[in-house]
Amino acid sequence: MHFLTGELQGSHDPSGVVFTVLAALSGMEREYIRDRTLEGHESARTRGKAIGGATVTDPAMLSMALHLRAQNLSLRDIAARLVISKGKKKGQHPSPATVLRMLRDHDETAGSDA
């Protein structure tokens, strides 16, 4: 009966096991949520629903961006000169990433028309 009263041999930290199990469960939960979100996005796309925020670009903004790009201005300079004309962000400048997307989409459309 001596073995039941003595200290356990080796490294036994019960809290370490608990944290390991909780970390594994949270990782599994994160992956589950990510998969469900991606499935939801795909389902929405097949139904024709747009994912993301409202568009802030319009044909006038595209025209001005093309004009400024022809003057070899950087994306930051182009974005600083453009102004959003509708929606919650009316009066603000679009981000350089928005300008890049708008010009890239235009170039892809123009390339496929040719």
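A search of the whole structure finds 4 salt bridges, a salt bridge being a side-chain nitrogen of Lys or Arg within 4 Å of a carboxyl oxygen of Asp or Glu. Before you click on any of them, note that this is a predicted model, in which local features need pLDDT of at least 70 and side-chain atom pairs count only at pLDDT 80 or more, while totals for chains, interfaces and linings use all residues. Residues are numbered from 1 along each chain as its sequence is written, and side-chain values use heavy atoms, with hydrogens and water left out.

**Stop 1: the whole chain**

Show the cartoon. You should see 5 helices and 0 strands, so the order from the N terminus reads α-α-α-α-α, where helices (H or I, at least four residues) and strands (E, at least two) are DSSP runs numbered from the N terminus. Switch to a surface: the chain exposes about 9,300 Å², of which carbon and sulfur atoms supply 58%. Accessible areas come from the Shrake-Rupley method with a 1.4 Å probe, and for residues only the protein chains shown count as cover. Of the 114 residues, 14% count as buried. Here buried means under 20% relative accessible area, exposed over 50%, and partly exposed in between (1.4 Å probe, protein chains only).

**Stop 2: salt bridges along helix 2**

Select residues 14–46, which make up helix 2. Show the side chains of Glu39 and Arg36: they form a salt bridge, with the closest N and O atoms 3.5 Å apart. Both residues lie in helix 2, 3 residues apart, about one turn of the helix. Glu39 is partly exposed at 46% relative accessible area, and Arg36 is partly exposed at 48%.

Now add Arg34 and Asp35, whose side chains meet in another salt bridge (3.8 Å, N to O). Arg34 is partly exposed at 47%, and Asp35 is partly exposed at 36%.

**Stop 3: a link between helices 3 and 5**

Next, select Asp107 and Arg69. Their salt bridge brings the closest N and O atoms to 2.8 Å. This pair links distant parts of the chain, with Asp107 in helix 5, Arg69 in helix 3, and their positions 38 residues apart. Asp107 is partly exposed at 37%, as is Arg69 at 31%. Side chains of opposite charge can pair when their charged atoms come close.

**Stop 4: the nonpolar core**

Which residues make up the largest nonpolar core? Select Val56, Met61, Ala65, Leu68, Ile78, Ala79, Leu82, Ile84, Val99, Met102 and Leu103, 11 residues in total. The elements that give two or more residues to this core are helix 3 (59–70), helix 4 (75–81) and helix 5 (96–113). A nonpolar core is a set of buried Ala, Val, Leu, Ile, Met, Phe, Trp, Tyr and Cys residues joined through side-chain atoms within 4.5 Å.

Centre the view on Leu68. Leaving aside neighbours within four places in sequence, Leu68 is in contact (heavy atoms within 4.5 Å) with Leu73, Ile78, Arg81 and Leu82.

**Stop 5: Thr98 and its neighbours**

Staying with helix 5, pick Thr98. Is this residue buried or exposed? Thr98 is buried, with a relative accessible area of 15%. Not counting residues up to four places away in sequence, Thr98 touches Val56 and Thr57. Its side chain also makes a polar contact with the side chain of Ser95 (3.0 Å). A polar contact is a pair of N or O atoms within 3.5 Å; within protein, one must be able to donate a hydrogen and the other to accept it, and residues adjacent in sequence count only if both atoms are side-chain atoms.

**Stop 6: two loops**

Go to Ser85, in the loop between helix 4 and helix 5. Ser85 is partly exposed at 39% relative accessibility. The side chain of Ser85 makes a polar contact with that of Asp58 (2.9 Å). The C-alpha atoms of Ser85 and Val56 are separated by 7.7 Å, although the two residues are 29 apart along the chain.

Then select Asn72, in the loop between helix 3 and helix 4. The phi of Asn72 is near 60 degrees, a positive value in a residue other than glycine. Asn72 counts as exposed, at 70% relative accessibility.
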